[in-house]
Amino acid sequence: MRIRVVVVGKDRSGLFAPAAEEYAKRLERYLKLEVVEVPEARKHAGTPRAKDEEGEALLARLRDAERVVLLDERGAEEPSAAFARRVARWLEQGRDLALVVGGSDGLSEAVRARGDEVLALSRMTLPHRLARVVLLEQLYRAMTILRGEPYHK
């Protein structure tokens, strides 16, 4: 099983990329992980067209056989231990998984229609670059919970 984190944009600020890279590196010992970045729609930033352009780019990177889980503040919110149990179920199913983080304008309706599940990292709105870090950290935490390792206290 492969887990892909499919995200809009790159961290040009340098604030979030080191943390995302660290958690992705830590996750390598537990599972096959790939972080896939699609470009932000800069030309139409802040318009409905931007969300649609980014949505098209996201959909082009999703595979037909993958379970697609969308990260959105309106999704189901759960504590880390419950998320770990969800990750365990995904692993048991053996189906490849794509976790999708939209851009600053959110996810297009076409991407929402493709999603199998919608989860929230928080009810608060997070910058999408920070959401990537939080998601990778929670995946790492889930793996340590499932393995009984001391990271999660």
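Among contacts in the chain between residues at least 6 apart in sequence, what percentage join residues at least 24 apart? In this predicted model, the share is 86%.

## Overall build

The chain contains five helices and five strands, and, read from the N terminus on, these elements follow the order β-α-β-α-β-α-β-α-β-α. Along its principal axes, the C-alpha trace spans about 45 × 35 × 25 Å. A compact globule of 153 residues would have a radius of gyration near 15 Å, and the chain has 15 Å, which agrees with that expectation.

## Surface and charge

Of the 153 residues in the chain, 44% are buried. The chain exposes about 8100 Å², and carbon and sulfur atoms supply 50% of that area. As for charge, the chain carries 28 positive and 25 negative side chains, and the centres of these two sets lie 3 Å apart.

## A cluster of tyrosine rings

A pair of aromatic rings is described by the distance of the centres and the angle of the planes. A search of the whole structure finds four aromatic pairs. One of them joins Tyr23 and Tyr140, whose ring centres are 6.1 Å apart and whose planes meet at 45 degrees; because pairs with planes under 30 degrees apart count as stacked and those over 60 as edge-to-face, this pair is classed as tilted. The pair links distant parts of the chain, since Tyr23 belongs to helix 1 (residues 17–27) and Tyr140 to helix 5 (residues 128–146), with their positions 117 residues apart in the sequence. Tyr23 has a relative accessibility of 16% and therefore counts as buried, and Tyr140, at 10%, also counts as buried, the cut-off for this class being under 20%.

Tyr140 also forms an aromatic pair with Tyr151, and here the geometry is edge-to-face, with 4.8 Å from centre to centre and 70 degrees between the planes. This pair, too, links distant parts of the chain, with Tyr140 in helix 5 and Tyr151 in the segment after helix 5, 11 residues apart. Tyr151 has 26% relative accessibility, so Tyr151 counts as partly exposed. Taken together, ring pairs link Tyr23, Tyr30, Tyr140 and Tyr151 into a cluster.

## Two strand residues

Is Val69 buried or exposed? Val69, which is placed in strand 3 (residues 67–76), has 0% relative accessibility and therefore counts as buried. Leaving aside neighbours within four places in sequence, Val69 is in contact with Trp90, Leu97, Ala98, Leu99, Val100, Glu117 and Leu119. One of these partners, Leu119, is 50 residues from Val69 along the chain, yet the C-alpha atoms of the two are separated by 7.0 Å.

Glu34 offers a second example, this time from strand 2 (residues 32–38). At 26% relative accessibility, Glu34 counts as partly exposed, because that class covers values between the 20% limit for buried residues and the 50% limit for exposed ones. Not counting residues up to four places away in sequence, Glu34 touches Arg2, Ile3, Arg4, Val5 and Arg63. With respect to His128, Glu34 is 94 residues away in sequence and 17 Å away in space, taken from C-alpha to C-alpha.

Notes
Residues numbered from 1 in each chain as written. Predicted model: local features only at pLDDT ≥ 70, side-chain atom pairs only at ≥ 80, totals over all residues. Heavy atoms only, no water. Helix = DSSP H or I, 4+ residues; strand = E, 2+ residues; numbered from the N terminus. Rg over C-alpha atoms; globule rule 2.2 N^0.38 Å. Buried < 20%, exposed > 50% of the residue type's maximum accessible area, 1.4 Å probe, protein only. Contact = heavy atoms within 4.5 Å. Areas by Shrake-Rupley, 256 points an atom, 1.4 Å probe, with all protein chains shown as cover. Lys, Arg positive; Asp, Glu negative; His and termini not counted. Charge placed at Lys NZ, Arg CZ, Asp CG, Glu CD. Phe/Tyr/Trp six-rings, centres within 6.5 Å; stacked < 30°, edge-to-face > 60°.
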